[in-house]
Amino acid sequence: MDERAGVDAQRVAQLWQRESAGYAREHPRCLALRERARLSMPHGVPMSWMASYFAHPPVWVAEGHGAHFTCADGRRFLDTNVGDKSTFCGIDPAPVVRAVQRRAAAGAQFMLPTEDAIAVAEELARRWGLPAWQFTLSASQANTEALRLARHATGRPKVLSFVGNYGGHGDELLVAYAGRRRLSYLGLAPFAGRDIDAVQFNHVEALEGALSTGAYACVLTEPALTNEGVVLPDPGFHKRLRALTRETGTLLVLDETHTLICGPGGLTREWGLAPDMVVVGKAIGAGLPLGAYGMSAELSAAFERGRSLEGEPGELATGGTLFANALSMAVARAALTEVLTPEAYEHAARLGEHLADGLEAIIGGHGLPWKVQRLYPRAGIDFSGRLARSAGEADDDEQPELNSLLRLYLANRGIWEAISTAGPAMSVAATEDDVAAYLVAFGEFVREVSASD
Ligand code: PMP
């Protein structure tokens with residue numbers, strides 16, 4: 001932590017000690033489950049992020065409804081992590097529960113298409129303005145297949161992305177996210193990342209320089225970066241990005257896995273963008289496994305073309321046994337047509353705005369330099385006093401001790417804060433009371449952390 005945060009480091013450390021003890025006292029059963037789990041799972045969790053995203057032990061969940069869940073110790077939380085956007089529909093939306101019951105009773109998987117897939121593809125086409133769609137089980141897999149299609153269609157091996165643009169856990173996507181080939185991630189193929197480059201978001205000159213080589217099959221990016229706090233595009237950035245990609249014959253792939261919580265058709269529609277491909281996942285499956293990517297008519301034709309540009313016969317490397325299974329498609333149909341309605345999006349965005357307004361008022365009331373990020377239903381805090389314009393700036397600005405303390409402090413007061421720097425988001429199941437509850441707990445936090453006694 002540094003002085004830009006405007007609070008005393010010793011006070012933060014003291015509060016951390018006190019809150020950690022409180023957390024341990026309140027979660028004996030969760031802690032015991034973790035110890036038991038250590039005997040059968042590395043790190044004592046079934047998926048490593050379930051532990052690594054917190055500086056405190058995770059809770060183990062018993063059940064959840066709407067915007068809340070209850071842990072194995074019977075403590076109830078308002079969920080503002082929303083499964084890192086995957087439960088934006090709410091935890092148990094009735095239309096999705098009905099669809100699961102109906103479809104599971106009629107067969108969840110055939111490795112054959114069901115009519116629901118057409119309804120989902122048609123609805124995604126209507127929302128994102130791209131006519132053709134394919135399905136996977138996750139957004140990571142959708143990004144991987146989108147890159148294969150881009151390389152196949154253009155005959156170019158390389159991909160350009162932005163530092164801090166997380167596109168999933170594929171080897172080369174992790175390299176682009178980290179922004180360098182010398183990696184802190186272990187276990188990646190030694191040559192992973194050889195064909196993917198990354199420049200800083202909003203740095204138009206670097207983008208021009210890279211694209212002018214004509215070497216890239218596509219640019220892969222989120223419309224606004226969401227995994228390093230929120231990094232918004234500068235005015236005119238997207239216009240320039242689209243012009244440059246067109247001029248250099250480079251495809252534009254927008255990953256809307258997170259930003260699809262901003263509205264029907266995501267930021268593509270909200271901001272009038274014109275990508276060649278769009279990748280989605282998480283919330284469109286309402287918490288069940290589903291990823292998808294949409295493509296232009298030209299790319300759909302390239303997808304079907306069974307020959308390489310050199311004329312060799314072949315097949316595009318896509319697909320998986322459970323991809324587009326009947327259950328995922330039934331759930332996505334229910335989520336898109338009955339839960340993720342325009343009114344639901346408006347409701348969630350309004351709550352996000354009220355949350356951001358409230359955070360700003362509390363911060364201002366205590367004279368702290370912190371800045372509030374805003375992205376429709378999502379808010380967040382930059383503790384260093386500026387809104388980052390790139391992942392490089394966001395990394396420089398991070399205050400991990402303060403961030404960790406905030407999440408622990410909120411957890412002890414019934415708020416399950418978003419992971420890492422993701423910032424709280426309101427699901428379509430949340431209410432004004434939930435916003436108020438978050439702000440009460442946040443107000444207490446700010447009062448304590450900035451107290452001078
Ligand atoms: N794209 C973006 C922008 C993401 O943030 C993530 C995950 N956080 C993914 C893709 C990958 O999603 P999944 O882990 O569900 O494959």
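This briefing describes a ligand site, a pair of packed helices and the surroundings of one alanine. The structure is a predicted model, and residues are counted from 1 along the chain as its sequence is written. In this model 14 residues surround the ligand, and helix α1 packs with helix α15 at an angle of about 35 degrees.

**The ligand and its shell**

- Of the 14 residues that surround the ligand, the closest are Ser140, Asn227, Asp255, His258 and Lys282.
- The shell around the ligand divides into 2 nonpolar, 8 polar and 4 charged residues, and helix α6, which spans residues 139-154, gives the most to this shell, with 3 residues.
- A polar side-chain atom of Ser140 lies 2.6 Å from an oxygen atom of the ligand, while an N or O atom in the side chain of Asn227 is 2.9 Å from an oxygen atom of the ligand.
- From the backbone, a polar atom of Ala139 is 3.4 Å from an oxygen atom of the ligand.
- The ligand taken alone exposes 390 Å², and the protein buries 89% of that.

**Helices α1 and α15**

- Helix α1 covers residues 9-26 and helix α15 covers residues 400-411, and the axes of these two helices are 10 Å apart, with a crossing that is left-handed.
- On the side of α1, the residues that meet α15 are Val12, Leu15, Trp16, Arg18, Glu19, Ser20 and Tyr23.
- On the side of α15, the residues that meet α1 are Glu401, Leu402, Ser404, Leu405, Leu408, Tyr409 and Ala411.
- The residues of this contact divide into 9 nonpolar, 2 polar and 3 charged.

**The surroundings of Ala121**

- Ala121 is found in helix α5, which runs over residues 115-128, and, leaving aside residues up to four places away in sequence, Ala121 touches Trp133 and Phe135.
- Although Ala121 and Tyr293 are 172 residues apart along the chain, their C-alpha atoms are separated by 9.6 Å.

Terms used:
This is a predicted model: local features need pLDDT of at least 70, side-chain atom pairs count only at pLDDT 80 or more; totals for chains, interfaces and linings use all residues. Side-chain values use heavy atoms; hydrogens and water are left out. Axes are lines fitted to C-alpha atoms, for helices over the stretch in contact, and angles run from 0 to 180 degrees between N-to-C directions. Helices (H or I, at least four residues) and strands (E, at least two) are DSSP runs, numbered from the N terminus. A crossing is left-handed if the near helix is turned anticlockwise from the far one by less than a right angle, and right-handed if clockwise. Contact means heavy atoms within 4.5 Å. Ala, Val, Leu, Ile, Met, Phe, Trp, Tyr, Cys and Pro count as nonpolar, Asp, Glu, Lys and Arg as charged, and the others, Gly among them, as polar. A residue is near a molecule or strand if one of its heavy atoms lies within 4 Å of it. A polar contact is a pair of N or O atoms within 3.5 Å; within protein, one must be able to donate a hydrogen and the other to accept it, and residues adjacent in sequence count only if both atoms are side-chain atoms. Accessible areas come from the Shrake-Rupley method with a 1.4 Å probe; for residues, only the protein chains shown count as cover.
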